[in-house]
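Biologist: Mind walking me through this one, with the cut-offs spelled out as we go?

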There are 2 protein chains.
Amino acid sequence: MSKTQFDRQDVLHKATSLFWRVGYNATSMQALFKVTGLKPGSVYLAFGNKEGLFKESLKFYASASIDKLNKKFKQNQSVEKIICDLLFSFVEEAVQSEYCSCYLVKSQLELDDQPQTKHYIAEYLAAIEKIYVEQLATIYPVEEAQIKAMSIMIHIFGLRVYGYHTQNKQSMLSSLQLGLPWLPWPS
Amino acid sequence: MSKTQFDRQDVLHKATSLFWRVGYNATSMQALFKVTGLKPGSVYLAFGNKEGLFKESLKFYASASIDKLNKKFKQNQSVEKIICDLLFSFVEEAVQSEYCSCYLVKSQLELDDQPQTKHYIAEYLAAIEKIYVEQLATIYPVEEAQIKAMSIMIHIFGLRVYGYHTQNKQSMLSSLQLGLPWLPWPS
DNA sequence: AAACAACTTGAACGCTCATTCAAAACATGA
DNA sequence: TCATGTTTTGAATGAGCGTTCAAGTTGTTT
């Protein structure tokens, strides 16, 4: 080994922000050079090409999301209470003005002509769903846990899209309570 | 008037297919020339530019969707039964191999940096939601109808995303039944 | 049949895109 | 200190992008 490379985590973080906000196709390499501070050669040596950088950025985001979710479930509260908290925070996110959905959801929809990338994203989303299934399986029969987890995922995806054109936090919460009545909503 | 223009509906139909499948940014004008059979000049005279064509294509799709929905509700069945049928057909759609979500949903997520276009799409989606609200308001108090309609929209959006990585029709239906228990699901 | 207006044609334009690569800078081992 | 291998630099490249426009075609009016 000789000279150590640039801070890979930092670069991935910056690239992820841009890809997430602007989308894969609308993000130019020149914009990525600017935001990361890297020159073309460095990026191409380290990641191969635009798609390589994108895939690694997806992985970076997905791993962080999964870690965060796992950590949440390590809290000393009931599984269902934790899920309520999570949904609450998703609603909070969704009404932010610079909200740009979930990076995985957005990319999934944008890149359905690239089967390989699509497949990766689907696996990350499935991994997230699996966490919900496992947690719910501690209090429900497996089959019921699976259906409930899927219902949660559908609601999360729905929020990710609905959040784009609604600022009304209260009615979003009401709809969640209607669609997920088996969760322990406050009051 | 002199020479009549090309068949506008036909061109919009073809352009919509391409934009829908490939996405706005990944669709090139040259590809649009090919698929529509038009030459650059014709397109630019009729639609102004790429964005103009795109906006008109969104309108074309939205109007067709809204008409279709209104027609559905003219059927001689209960509102809730009709909604069940619709959700059923959305699940059917979602498991098709060439499924590419809803054009409006997809575009909404891809183009959040273009506030004007985003606003248009949000209005179309709001118009669709309004139809559900009005129909549900014939059997529920207005406020309840609004929450229920929003819950339906969240489920539809959720399906539109979830459908990308699941082929399992039965579990999707089970999740819908769990999330929308107030609908008259068959047996 | 001539003049006019509306539409179509398609080559051409400037620009930005993703990508390349030879040269320079740098860290390490001998 | 020098040789070696790795990383960075940044100008350059060709391909493809969205768009333009002068010339050609076609239908209508007189």
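Biologist: Which element gives the most to the lining of the second largest cavity?
Modeller: This is a predicted model, where local features need pLDDT of at least 70, side-chain atom pairs count only at pLDDT 80 or more, and totals for chains, interfaces and linings use all residues. Residues are numbered from 1 along each chain as its sequence is written, chains are lettered from A and ligands numbered from 1 in the order in which they are written, and side-chain values use heavy atoms, leaving out hydrogens and water. Two helices of chain B, α1 (8–22) and α6, each supply at least two residues of that lining (helices being DSSP runs of H or I, at least four residues, and strands runs of E, at least two, numbered from the N terminus). The top contributor, with four residues, is α6(B).

Biologist: What volume does the second largest cavity have?
Modeller: A cavity here is a set of points, on a 1 Å grid over the protein atoms alone, where a 1.4 Å probe fits but cannot get out, and lining residues have an atom within 4 Å of a point. Points are joined across faces, edges and corners, and the volume is the space filled by probe spheres set on them. Among the residues lining this cavity are B:F19, B:W20, B:F54 and B:Y103. Its volume is about 30 Å³.

Biologist: How do the residues of that second lining divide by class?
Modeller: Ala, Val, Leu, Ile, Met, Phe, Trp, Tyr, Cys and Pro count as nonpolar, Asp, Glu, Lys and Arg as charged, and the others, Gly among them, as polar. The lining includes B:G23, B:K106 and B:E110. The split is five nonpolar, two polar and two charged.

Biologist: And the largest cavity: which element gives the most to its lining?
Modeller: That cavity holds about 90 Å³ of space and is lined by 13 residues, with A:G23, A:K106, A:S107, A:E110 and B:E110 nearest its centre. Two or more residues come from each of α1 (8–22) and α6 (103–110) of chain A and α6 (103–110) of chain B. By class, the lining has seven nonpolar, two polar and four charged residues. With five residues, the biggest giver is α6(A).

Biologist: How much area is buried between chain A and chain B?
Modeller: Contact means heavy atoms within 4.5 Å, and it takes 40 residues from chain A and 40 residues from chain B. In chain A, the residues losing the most area to chain B are A:L109, A:I154 and A:Y162, together 19% of what that side buries. Buried area is the accessible area (1.4 Å probe) that two parts lose on being put together, summed over both. Carbon and sulfur atoms give 71% of the total, which is about 3600 Å².

Biologist: By what turn can chain A be laid on chain B?
Modeller: The superposition is least squares on C-alpha atoms of residues with pLDDT of at least 70 in both copies. The RMSD is 0.0 Å, with a shift of 0.0 Å along the axis and a turn of 180 degrees. The copies are thus related as by a two-fold rotation axis.

Biologist: Which residue does A:K106 meet in a salt bridge?
Modeller: A salt bridge is a side-chain nitrogen of Lys or Arg within 4 Å of a carboxyl oxygen of Asp or Glu. Two of them are found across the interface of chain A and chain B. In one salt bridge, at 2.9 Å from N to O, the partner of A:K106 is B:D112.

Terms used
On a 1 Å grid over the protein atoms alone, a cavity is a set of points where a 1.4 Å probe fits but cannot get out, and a pocket is an open set with protein on both sides within 12 Å along at least five of seven lines; lining residues have an atom within 4 Å of a point.
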